[in-house]
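Visitor: Could you pick one part of this molecule and go through it slowly with me? I'm new to this, so please keep it relaxed.

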Amino acid sequence: MPCDSGIPDYRGPNGLWRKDPEAEKLVTYAYYMGDPEIRRRSWQMRRKNRALTAEPNAARRAVADLERGGVPVRVITQNVDGLHELAGMPARKVLELHGSVRSVMCTRCGARGPMKDSLERVAAGEEDPPCRECGGILKSATVMFGERLDPAVLGEAVAITKACQVFIAVGTSLQVQPAAGLAGVTADHGARLIIVNAEPTPYDDIADEVVRETIGTALPELLRRFGKRAPGRQA
Ligand code: ZN
């Protein structure tokens, strides 16, 4: 997904995990749950996660500005960096299909908390900090390999896609689910489909508009058009 904030795309052709199959275990649910050593290494990896210190780029700030200006905006994202909220988007208007690295969740009781607090526990010497509520195994609140996307979040994404008037697909190849499916839903419901991506996508032919430029420059310019006029959506 978008790499505009300088965060490596871990599933892409140059993705982190393809270069290091051993590292893939750190984000695979079965290995994580079954092996304390994997969890210890996962926590060390999280301490170095650049997504946690990244700052929102111009594109994300432009989305938040549009919302602040009174346009009904919803963000559906596969990014896990939490940068839309950091840019100022209200959390309830952001659907994070793959979760967020800025939170942790308990695999037993479902309790959630800030990643920052858990990383402080790791820095203080807890190699695999357990849930404070129930002692269960904590993990990053992201969808690991071997886990399903949250059906409730996915359902809400489809509902928003059906209801929107403008659907802007940003920085996605539209070749994998669920992004591809949502673009199809948009087309079926007559919303205006705008694609902003550096490479061609299978939906370019049916899109109302295709912008093939860097997201950081293209999106702010595009969104200025929608200020106070038409509702926009971004995937
Ligand atoms: Zn718990």
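I'd like to start with one residue: is aspartate 128 buried, exposed or partly exposed?

Guide: Happy to. One thing before we begin: what you see is a predicted model.

Aspartate 128 is partly exposed, because its relative accessible area is 23%. The cut-off helps here: a residue counts as buried under 20% and as exposed over 50%, and the 23% of aspartate 128 falls in between.

Now look at its partner. Aspartate 128 makes a salt bridge with arginine 39, and the closest N and O atoms of the two are 2.7 Å apart. The idea behind it is simple: side chains of opposite charge can pair when their charged atoms come close. Find arginine 39 in helix α4, then go to the loop between α7 and β5 for aspartate 128; the two are 89 residues apart in sequence, so their bridge ties together parts of the chain that are a long way from each other along it. The arginine end of this pair is the covered one: arginine 39 counts as buried because its relative accessibility is 8%.

Let's follow that loop a little further. Cysteine 134 also belongs to the loop between α7 (115–123) and β5 (138–142), and cysteine 134 is one of the residues that hold the zinc ion. The zinc is coordinated through the SG atoms of Cys106, Cys109, Cys131 and Cys134, at 2.3 to 2.4 Å. Which arrangement do those 4 donor atoms make? It is tetrahedral, because the angles they subtend run from 100 to 116°. For comparison, the ideal angle for four tetrahedral donors is 109.5 degrees. If you read along the sequence, the spacing of the donors is C-x2-C-x21-C-x2-C. Cysteine 109 sits in the loop between β3 (99–106) and β4 (112–114), 25 residues from cysteine 134, and this pair links distant parts of the chain. These two cysteines aren't hidden away: cysteine 109 is partly exposed, at 43% relative accessible area, and cysteine 134 also counts as partly exposed, at 27%.

Back to the other end of our bridge, helix α4. It spans residues 36–47, and arginine 41 is in it too. Arginine 41 has a salt bridge to glutamate 22, with 3.8 Å between the closest N and O atoms. Glutamate 22 is in helix α2 (residues 21–25), 19 residues away from arginine 41, and here again distant parts of the chain are linked. Both ends can be reached from outside to some degree: arginine 41 is partly exposed at 31%, and glutamate 22 is partly exposed at 36%. There's a third member as well, since Glu22, Lys25 and Arg41 are joined in a network of salt bridges.

Right beside arginine 41 in the numbering comes serine 42, also in α4. Serine 42 is buried, as its relative accessibility is just 1%. Setting aside neighbours within four places in sequence, serine 42 touches Leu26 and Tyr32. A short way on, the charged end of arginine 46 sits over the ring of tryptophan 43, 4.4 Å from the centre of that ring. As for pairs of aromatic rings, a search of the whole structure turns up 0.

How many salt bridges does the structure hold? There are 14. One to set beside ours joins glutamate 147 and lysine 139, whose closest N and O atoms are 3.1 Å apart. Here the negatively charged partner, glutamate 147, is partly exposed at 28%, while lysine 139 is buried at 1%. In our own bridge, likewise, arginine 39 is buried and aspartate 128 is partly exposed.

So, to put the picture back together, trace it in this order. Start at arginine 39 in α4, cross the bridge to aspartate 128 in the loop between α7 and β5, then carry on to cysteine 134 in that loop, which brings you to the zinc ion and its other donors, Cys106, Cys109 and Cys131.

Definitions and conventions:
Residues numbered from 1 in each chain as written. Predicted model: local features only at pLDDT ≥ 70, side-chain atom pairs only at ≥ 80, totals over all residues. Heavy atoms only, no water. Donors = N, O, S within 2.8 Å, 3.2 Å for Na, K, Ca; no water. Tetrahedral: all angles 85-135°; square planar, octahedral: opposite > 155°, others 65-115°. Helix = DSSP H or I, 4+ residues; strand = E, 2+ residues; numbered from the N terminus. Buried < 20%, exposed > 50% of the residue type's maximum accessible area, 1.4 Å probe, protein only. Phe/Tyr/Trp six-rings, centres within 6.5 Å; stacked < 30°, edge-to-face > 60°. Lys NZ or Arg CZ within 6 Å of the ring centre and 35° of its normal. Salt bridge = Lys/Arg side-chain N within 4 Å of Asp/Glu carboxyl O. Contact = heavy atoms within 4.5 Å.
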